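Please read the following alongside the sequence and the coordinates. It goes through two sheets with the helices that pack on them, and then turns to enclosed spaces.

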Amino acid sequence: MTTSFGTATSTVIPNDPKIGVQSFTGLKSSHSIALKRNLRMFTVTFSSPSLIRAVSTPVKPETTKTEPKRSKVEIFKEQSHFIRYPLNEEILTDTPNINEAATQLIKFHGSYQQYNRDERGTRSYSFMLRTKNPGGKVSNQLYLTMDDLADQFGIGTLRLTTRQTFQLHGVLKKNLKTVMSTIIKNMGSTLGACGDLNRNVLAPAAPLMTKENLFAQETADNIAALLTPRSGFYYDVWVDGERFMTSEPPEVVKARNDNSYGTNFPDSPEPIYGTQFLPRKFKIAVTVPTDNSVDILTNDIGVVVVSDENGEPQGFNIYVGGGMGRTHRLETTFPRLGEPLGYVPKEDILYAIKAIVATQRDHGRRDDRKYSRMKYLISSWGIEKFRSVVEQFYGKKFEPFYDLPEWEFKSYLGWHEQGDGALFCGLHVDNGRIGGIMKKTLREVIEKYNLNVRITPNQNIVLCDIRSAWRRPITTVLAQAGLLHPRYVDSLNLTAMACPAFPLCPLAITEAERGIPNILKRVRAVFEKVGLKYNESVVIRITGCPNGCARPYMAELGLVGDGPNSYQIWLGGTPNQTRLARSFMNKVKVQDLEKVFEPLFYCWKRKRQPKESFGDFTTRMGFEKLQELVDKWEGPVQTSAKCNLKFFADKGTYEAMDELAKLENKSAHQLAIEVIRNFVAAQQNGRSE
């Protein structure tokens, strides 16, 4: 089916004559009268003159007309009958994979086609499924369902993502419909977890019963509902058209249907998205003041609850334009932090969100997907122009941004009170991968005590609604499976993140999830070598490619895959994720990482200011000095070996421990810490080693 741009009516704000935006009434089918008109496109200055516009107005006939350039994905979307065809046919064939168009469309349904890149020869195709869980909320029923599906149809593990969702890897094409329909029928969904539309909406994972936290979660739920596709393609493909939709708050329905300022496609099955949906992925996070567990500045839209002196939510500060993805050796692509757009009263938040989405929908680039994120639109226009256009869709001016307190990274690990008499327990999961004895034990606890859970943006899990009497038996069982209190976990691991990368991600250039355990051990060994204490840490994030799924550009030390067994090193982020790191070195081979780590950490140890973080230190020193230090490094100044009297009562014990540690490529201090940690865990289990 071919489409063309429809008619439009002007909605120009009089006091800003420089910008005239017309509201778009929808994409018409090929037999529409719109085809009989020649259209003049609303233009915006970009580096490329050929851009798709969803805004137009009739003008006099012109002798020539240049067809706007479009990416291949835009054509797939246009011809798909709202994300149905040819996916609905491809999933029924006997082949283990689907064709190119269906591969793009299935993303909107929450799945990626993958193959095992460790294997040579014939490709072993499978599919990754990603759930959509606003605020990371997962019901008891859904968790147990996902646990079962991982064993029955996946690779036996569940993965917690940096956007508070599950990923289920290794699902064969012949099982897709069974797995999808099972998730849908058990209070879950994968709709919109991938693709060119709003992804999972983040919110603080802690089930705190404060007014602000409850309001943040409610707002995340409402935004997710507002921007969920409406045309039914998801249910048509996976459950034969049967709908499993929960009731929506009336304010969501009202905001979605409102077209006072030209945000909607009238009479379209997709009133907000139209046939073309968005130019690219779109990410939103909601949080409360001080809580930056959601990496608020890395999202297309960041929403922050603003309350009065009594703690009553009054409205929201809104950030726009964040995003992590970039392309190596292409400086016109870059990570970007969100910047303040303005403040809106609480009753207007859904209208403001819709206005921002409509602006990106109509003006974001659709010719080159490398530049299709909203951050590039804002970088091109500038925030003032972007705000003016959004205000025309919003129908009013944004109010001034409210002052906010300093951000903090909050992990919510360990035991905490919810505020309603119950407890919650945050558990660290290395790289979000739940498998083996950990998976078995978590299921037993969640099933036995009928617990709901939440997934954190740092790939961890929170067990909710725990009675005080259950704390001791739950602690004991979890410790037996290696799920320890955070004080017994290496501080480097607590804040580290990695994307899955090899073997299944088709974009990976080098290792991330499989490589980070050894890299963290090596960093800890360097800490020991240069004299840094065991409780000292830096935020380390690793990705196998530059797309930035684990948000490495916010880390104090980011490793970004730039070749086989090679990383680009980024420095300068902050522990509370409020400053972008910068590229420091390229093409550092994995076996040579210590040559960079040692001089940097040694210099930090010796020249830092009181309480200065590693990221702040590298920023203050400057990369030129740091590069000179790395280039001239010959090793730390050697001092005579000393016994650590905190662990070793005599030199003989120290030397014996040191010999054992060397066999495992560790220091005596590291091995002693592990022995003590295991002993404490055993004591908690009621056993004496």
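Helix 4, made of residues 140-153, lies across strand 10 (158-160), strand 11 and strand 18, and runs at about 20 degrees to strand 11. Helix 5 (residues 176-185) also packs on the sheet, where it touches strand 7, strand 8 and strand 11. The direction of helix 5 makes about 10 degrees with that of strand 8. This is a predicted model.

The sheet beneath these helices is open and has 5 strands in the order 7-8-11-10-18, with antiparallel pairing. At its edges are strand 7 (111-115) and strand 18 (433-434), each of which pairs on one side only. Further in, strand 8 (residues 125-130) and strand 11 (residues 166-171) run antiparallel and are joined by 3 bridges. Within this pair, Leu 129 has Leu 168 of strand 11 as its bridge partner.

A second sheet comes later in the chain. Here 5 strands form an open sheet in the order 21-22-23-24-25, and the pairing is mixed. Which strands stand at the edges? They are strand 21 (497-498) and strand 25 (582-589); each has a single partner strand, so one side of each is left without a neighbour in the sheet. The partner of strand 25 is strand 24 (residues 566-571), and the two pair in the antiparallel sense over 5 bridges. Leu 571 stands opposite Arg 582 in strand 25.

Helices pack on this sheet as well. Helix 16 (residues 593-607) lies across strand 23 (557-563), strand 24 and strand 25, and runs at about 140 degrees to strand 25. Helix 18 (residues 623-631) touches strand 24 and strand 25, and its direction makes about 20 degrees with that of strand 25.

The remaining topic is empty space. Rolling a probe the size of a water molecule over the atoms shows where such space is left. A search of the whole structure finds 5 cavities of 30 Å³ or more. How much space lies in the largest cavity? The volume is about 60 Å³. This cavity is lined by 11 residues, and the closest to its centre are Leu 191, Pro 229, Arg 230, Gly 232 and Tyr 235. By class, the lining has 6 nonpolar, 3 polar and 2 charged residues.

The second largest cavity has a volume of about 50 Å³. Among the residues that line it are Ala 205, Ser 293, Thr 456, Pro 457 and Asn 458, and also Phe 409, Lys 410, Ser 411 and Tyr 412. Its lining counts 4 nonpolar, 4 polar and 1 charged residues.

Key. Residues are numbered from 1 along each chain as its sequence is written. This is a predicted model: local features need pLDDT of at least 70, side-chain atom pairs count only at pLDDT 80 or more; totals for chains, interfaces and linings use all residues. Side-chain values use heavy atoms; hydrogens and water are left out. On a 1 Å grid over the protein atoms alone, a cavity is a set of points where a 1.4 Å probe fits but cannot get out, and a pocket is an open set with protein on both sides within 12 Å along at least five of seven lines; lining residues have an atom within 4 Å of a point. Grid points are joined across faces, edges and corners, and a volume is the space filled by probe spheres set on the points. Ala, Val, Leu, Ile, Met, Phe, Trp, Tyr, Cys and Pro count as nonpolar, Asp, Glu, Lys and Arg as charged, and the others, Gly among them, as polar. Two strands pair if DSSP finds at least two bridges between them. Helices (H or I, at least four residues) and strands (E, at least two) are DSSP runs, numbered from the N terminus. Contact means heavy atoms within 4.5 Å. Axes are lines fitted to C-alpha atoms, for helices over the stretch in contact, and angles run from 0 to 180 degrees between N-to-C directions.
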